[in-house]
Amino acid sequence: MFLDSKGNRKIKILITTVSILFILILAIIIPKAEVSIKPQSKIFTKTYEITLDNSIKNPLPALNIIPSADEEYLMSFLINKITREISQDEKVNLSKFRYDIKTKNSVKNGINVYVETDIAPKLNLDKIKNQIRGKRINVAQNLLSAMPEIKQAKIKTFPPKFFFVPLLKSRIKINEIYN
């Protein structure tokens with residue numbers, strides 16, 4: 001079968017269009033980005049005076065009373081107390097959470113517990129993904145670096161030489177690093 005010049009031209013246009021669509025679909029679906037973010041954190045330290053009362057079953061954070069110095073009760077109590085004292089836009093970094101039972105205080109069955117941990121801002125990961133998706137890597141990196149709640153950010157893409165953050169939010173993975 002032979003095609004005239006119009007037929008040949010239509011087939012070439014069709015093949016070119018399909019090829020371009022295929023390349024565009026691959027450019028949207030295949031790329032992935034992994035963003036590592038180190039939030040700006042601050043150190044929280046405080047000493048709590050706690051009363052031990054074996055007659056109760058659950059901790060009473062408002063009264064600084066716990067059933068025993070058992071680690072489970074103590075951790076629950078301390079995290080609850082710290083969470084109440086920090087802003088709603090912040091969270092406790094449990095990987096840096098340390099406490100030390102310093103001394104017994106003058107209250108019967110009382111202890112002093114020194115707590116030290118990092119407090120980091122709660123990051124809105126969807127908002128961050130929306131701000132960087134479809135941007136060139138260097139532009140996205142600058143946007144992340146300009147955010148006050150972010151101390152450090154690094155973007156890795158797949159394929160490695162890809163110059164843009166993917167358009168699809170589902171292809172962007174954000175890892176918060178707290179060390």
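This section describes a three-stranded sheet, the helices packed on it, a nonpolar surface patch and several salt bridges in a predicted model.

Local features were taken at pLDDT of at least 70 and side-chain atom pairs only at pLDDT 80 or more, while totals for chains, interfaces and linings use all residues. Residues are numbered from 1 along each chain as its sequence is written, and side-chain values use heavy atoms, with hydrogens and water left out.

Helices (H or I, at least four residues) and strands (E, at least two) are DSSP runs, numbered from the N terminus. An open sheet contains 3 strands in the order E6-E1-E7. The pairing is mixed; two strands count as paired if DSSP finds at least two bridges between them. Strands of a sheet pair through backbone hydrogen bonds, either parallel or antiparallel. Strands E6 (150-158) and E7 (172-176) are the edge strands. Each has a single partner strand, so one side of each lacks a neighbour in the sheet. From one strand to the next, the twist averages 20°. Angles run from 0 to 180 degrees between N-to-C directions, with axes fitted to C-alpha atoms, for helices over the stretch in contact.

Strand E1 (residues 32-39) pairs with E7 in the parallel sense, over 5 bridges. Within this pairing, valine 35 stands opposite isoleucine 174 in E7. Two helices pack on the sheet, contact being defined as heavy atoms within 4.5 Å. Helix H3 (residues 125-132) touches E1, E6 and E7. The direction of H3 makes about 130° with that of E7. Helix H4 (residues 137-146) touches E1 and E6. The direction of H4 makes about 160° with that of E6.

A nonpolar surface patch covers about 900 Å². Patch residues have over 30% relative accessible area and no salt bridge; nonpolar side chains (Val, Leu, Ile, Met, Phe, Trp, Tyr) are joined within 5 Å, like charges within 9 Å. Areas come from the Shrake-Rupley method with a 1.4 Å probe, and for residues only the protein chains shown count as cover. The patch is made by Phe22, Ile23, Ile25, Leu26, Ile28, Ile29, Ile30, Phe158, Leu167 and Leu168. Helix H1 (residues 5-29) gives the most, with 6 residues. Phenylalanine 22 lies in H1. Its relative accessibility is 52%, and it counts as exposed (exposed is over 50%, buried under 20%, partly exposed in between).

The structure holds 5 salt bridges, each a side-chain nitrogen of Lys or Arg within 4 Å of a carboxyl oxygen of Asp or Glu. Glutamate 90 and lysine 42 meet at 2.8 Å, N to O. Glutamate 90 lies in strand E4 (residues 90-104) and lysine 42 in strand E2 (residues 42-52), 48 residues apart. Glutamate 90 is buried, at 19% relative accessible area, whereas lysine 42 is partly exposed, at 45%.

Strand E2 also carries lysine 46, whose partner, glutamate 85, is in helix H2 (residues 71-85). The closest N and O atoms of this salt bridge are 3.1 Å apart. The two residues are 39 apart in the chain. Glutamate 85 is partly exposed, at 36%. Lysine 46 is partly exposed, at 32%.

A further salt bridge joins glutamate 116 and arginine 98 (2.8 Å, N to O). Glutamate 116 lies in strand E5 (residues 110-121) and arginine 98 in E4, so the pair ties together parts 18 residues apart in sequence. Glutamate 116 is partly exposed, at 22%. Arginine 98 is partly exposed, at 43%.

Notes:
Buried means under 20% relative accessible area, exposed over 50%, partly exposed in between (1.4 Å probe, protein chains only).
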